[in-house]
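The exercises below concern the packing of helices in a single chain. Work through each task before reading its solution.

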Amino acid sequence: MSEAETILDHNKLFASEKYVRQREGKREFENACPEEEVLQTAVFTRSQEYMDKNFARQAVVVNPAKACQPLGAMMAALGFEKTLPFIHGSQGCTAYFRSHFARHFKEPVPAVSSSMTEDGAVFGGMRNLIDGLETSVALYKPEMIAMSTTCMAEVIGDDLSAFIGNARKEGVLPEGMPIPFANTPSFSGSHITGYDNMLKAILSYLYERSSGQAVDSASSGKLNVLLGFEPYTGNFSELRRILELFGADYTVLGDHSGNFDSGADGTYAYYYGGTRLADVPDAANAQGTLALQKYSLRKTAEYIGEAWGHPVQSLHTPLGVAATDRLLETIGELSGRPVPEALLQERARVVDAITDSHNYLHGKRVAMAGDPDLLLGLIGFCLELGMEPVHIVCSNGDAEFAQEASLALSSSPYGAAGKVHIDRDLWHLRSLLFNEPVDLAIGSSHLKYAAKEAGVPLLRVGFPIFDRHHLQRYPIIGYQGTLNLLTLFVNTVLERLDEDAPAHSFDLVR
């Protein structure tokens, strides 16, 4: 291959003379600060004095570990068969949500926008919405359109119910096409709030329009399962495997795994998999509902408990041995079935694996950032391994989460140094990494800058993961997921040991 045909990674591309000269010219044109001043400022931002100023700020957020509501609403919509997410707002917002998911899952993401501009902000977006619905039906032929909103539509107060009603009057929608909607302003809540709002809207819409027609009042004997805002498609496969080992009859409500993990067979479809729309009314007659993310499914779980009238059990993300034990016990309670012997054997194997690796993980200080349910799972898992969760940053956490996380930390001597930070961001965590150092950081790709600057290995767990491939395909829940996480943790530690090893300790065997 000739040099002209070689595609350079930007590590090498931007080190070439052409780009070096370009950067130098750009700095001169912008009258940038001298390099020495930049370095001095960087040193200052790592100090205790700056950390005190950093934690005192109130009016500015820097790199929060969360996204906005409509992004979560889009994921919820993609959990149902032949459903098209429709974002009522600007086109740029929808492009952001689609690119976020595409970069994490490495899959195309079907979604449309009402493409509101300045005119819509002044006169309202009804015309954009109606025209958008007509175009969406004609081009993409969905069986359901799930609508959510962005900041623009919420600030001007667009009435989605009235607008959809007008669209039906104009005849742009097929007779009976379901159009559930949720108000998801980006200026409040986070992606897990938007997911919850949209999922509740879809379930309530499909159930209430069919109530008394599709099902009777007798229990179907099935179990409903909700995974919540789940960035790991592998977790869907793992939970199905566990339920099938139990021999349980179940319905996954909000199964977006197909849309985010489709195969390459030479064809492309807009819709892959998802919960069947006809299954939702029948889900009301289930034996019970199991929610695996209590904080991202609050409203949905409350609705199911009140409207469907059967038991609802809400857990946090089941990471580690103890949390998986609780998961299996809960499945057993709801389904009336014993824990299968095959899963008990898996448990024994993962306990053996932890025993093999504990000496490299024991006592390691850890900083972590992410969503509430994931962090609770990570705290429990780290404590099982004898690791010490020191800094827990949850940008979208609340007082209830903080209390639950603090209680989990206090349950083990390894959690004694742990502190929970809600309403804080990754710039706060950066200060903590420099002034109260740790051995490992756990979080999304957004944490990589602070981790690299502080010289701390980053364990990429959560959402989004942009800079590594295929991690979302591996389960992290259950005993198999626990083994996957353990493998990631211990091998990261071993790799750092090899990187730092002098010649006399560069061992063949660890």
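**Exercise 1.** In this predicted model, determine the handedness of the crossing of α5 and α11, and describe the geometry and the contact of the two helices.

*Solution.*
1. The crossing in which α5 passes α11 is right-handed.
2. Helix α5 spans residues 69–77 and helix α11 spans residues 191–210; their axes lie 6 Å apart, at an angle of about 40°.
3. Angles under 35 degrees count as roughly parallel and 65 to 115 as roughly perpendicular, so α5 is oblique to α11.
4. On the α5 side the contact is formed by Q69, L71, G72, A73, M75, A76 and A77. From α11 come H191, T193, G194, Y195, N197, M198, L199 and I202.
5. Sorted by class, this contact holds 9 nonpolar and 6 polar residues, with no charged residues.

**Exercise 2.** Classify the arrangement of α17 and α21 from the angle between them, then give the handedness of their crossing and the make-up of their contact.

*Solution.*
1. Helix α17 covers residues 372–384, and helix α21 covers residues 478–500. The two pack at an angle of about 70°, with an axis separation of 12 Å.
2. The range 65 to 115 counts as roughly perpendicular, so α17 is roughly perpendicular to α21.
3. α17 and α21 cross in a right-handed sense.
4. L378, F381 and C382 of α17 meet T482, L485, L486 and F489 of α21.
5. The classes in the contact of α17 with α21 are 6 nonpolar, 1 polar and no charged residues.

Key:
Residues are numbered from 1 along each chain as its sequence is written. This is a predicted model: local features need pLDDT of at least 70, side-chain atom pairs count only at pLDDT 80 or more; totals for chains, interfaces and linings use all residues. Side-chain values use heavy atoms; hydrogens and water are left out. Axes are lines fitted to C-alpha atoms, for helices over the stretch in contact, and angles run from 0 to 180 degrees between N-to-C directions. Helices (H or I, at least four residues) and strands (E, at least two) are DSSP runs, numbered from the N terminus. Angles under 35 degrees count as roughly parallel, over 145 as roughly antiparallel, 65 to 115 as roughly perpendicular and the rest as oblique. A crossing is left-handed if the near helix is turned anticlockwise from the far one by less than a right angle, and right-handed if clockwise. Contact means heavy atoms within 4.5 Å. Ala, Val, Leu, Ile, Met, Phe, Trp, Tyr, Cys and Pro count as nonpolar, Asp, Glu, Lys and Arg as charged, and the others, Gly among them, as polar.
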